[in-house]
Amino acid sequence: QRKSRKSSSLGLQEPQFFAMSENDFKALVQRLYALQAERVEAYRLFEQGHQAYLNTGPHYNFIQYRQLVHEITLAFNGISKEIIQMKDRFHEVYGRPDLSEHIEKIQEQEKEKLELTARLQLAKQNILDHPGVEAHAQEVQELKNKIIKTMEAISEILQDFKYDSEEME
């Protein structure tokens, strides 16, 4: 199911990737960028919701925050599921394992970013719940720095993906 083969006039076998057009390939690339933009927006909403949650302290509205976490989780899961399907299409349909590898690296970095974001949110709450404890402020700063480095890594991988996807075979 990976490749169909067609004989040339010389009797040689030439690989044909499901007769997918260049436009289909470009649309898939653009969809990846759109999904990454959706992730950025989901993070923005997550941060806004967390800030609203912190503003309800010291008697936090945890039920509302839990609902936000649930909705954000659904959004991230949907995005990840579609991106994993795209990763497989780049490899199996278009014969581009290089692009699949970039997508896998993006997914790993996004997972790391989400874990760091959750830890950062807990650390921010610890600052409010335990004012004056310098270790909490230090943890917040360290986590922010790790998130920035993770975002830079994602940007670099996306640049590599962009460069490689524009490369003609």
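These legends walk through several close-up views of a predicted model. Residues are numbered from 1 along each chain as its sequence is written, and side-chain values use heavy atoms, with hydrogens and water left out. Since the model is predicted, local features need pLDDT of at least 70 and side-chain atom pairs count only at pLDDT 80 or more, while totals for chains, interfaces and linings use all residues.

**View 1. Helices α3 and α4 side by side.** Here you're looking at α3 (residues 97-129) and α4 (residues 134-166). Helices are DSSP runs (H or I, at least four residues), numbered from the N terminus. The two axes come within 9 Å and cross at roughly 165°; axes are lines fitted to C-alpha atoms over the stretch in contact, and angles run from 0 to 180 degrees between N-to-C directions. That makes α3 and α4 roughly antiparallel to each other, a label for angles over 145 degrees. Their crossing is left-handed, which is the word used if the near helix is turned anticlockwise from the far one by less than a right angle. The contact of α3 with α4 draws on 17 nonpolar, seven polar and twelve charged residues. In this sorting, Ala, Val, Leu, Ile, Met, Phe, Trp, Tyr, Cys and Pro count as nonpolar, Asp, Glu, Lys and Arg as charged, and the others, Gly among them, as polar.

**View 2. Helix α2 against α3.** Now α3 shows up with another partner, α2 (residues 62-92). The pair packs at an angle of about 165°, with axes 8 Å apart, so α2 and α3 are roughly antiparallel too. Again, the crossing of α2 and α3 is left-handed. Residues that meet here include Phe76, Ile83 and Phe90 from α2, and Leu99, Ile103 and Leu114 from α3; contact means heavy atoms within 4.5 Å. The tally for the contact of α2 with α3 is ten nonpolar, five polar and two charged residues.

**View 3. Val29, tucked into its surroundings.** Val29 belongs to helix α1 (residues 22-54). It is buried, with a relative accessible area of 7%; buried means under 20%, exposed over 50%, and partly exposed in between (1.4 Å probe, protein chains only). Leaving aside neighbours within four places in sequence, Val29 is in contact with Phe90, Phe161 and Ser165. Look for Glu166 as well: it sits 137 residues from Val29 in sequence, but 9.5 Å away in space, C-alpha to C-alpha.

**View 4. A salt bridge between α1 and α3.** Glu110 pairs with Arg39, and their closest N and O atoms are 3.9 Å apart. A salt bridge is a side-chain nitrogen of Lys or Arg within 4 Å of a carboxyl oxygen of Asp or Glu, and the count by this rule is nine. Glu110 lies in α3 and Arg39 in α1, so the pair ties together parts that are 71 residues apart in sequence. Both partners are buried: Glu110 at 7% relative accessible area and Arg39 at 2%.

**View 5. Salt bridges along single helices.** In α1, Glu41 forms a salt bridge with Arg44, with closest N and O atoms 2.5 Å apart. These two are three residues apart, about one turn of the helix. Glu41 is partly exposed at 33%, and so is Arg44 at 39%. Over in α4, Glu166 and Lys162 meet in a salt bridge (2.8 Å, N to O), four residues and about one helical turn apart.

Conventions
Angles under 35 degrees count as roughly parallel, over 145 as roughly antiparallel, 65 to 115 as roughly perpendicular and the rest as oblique.
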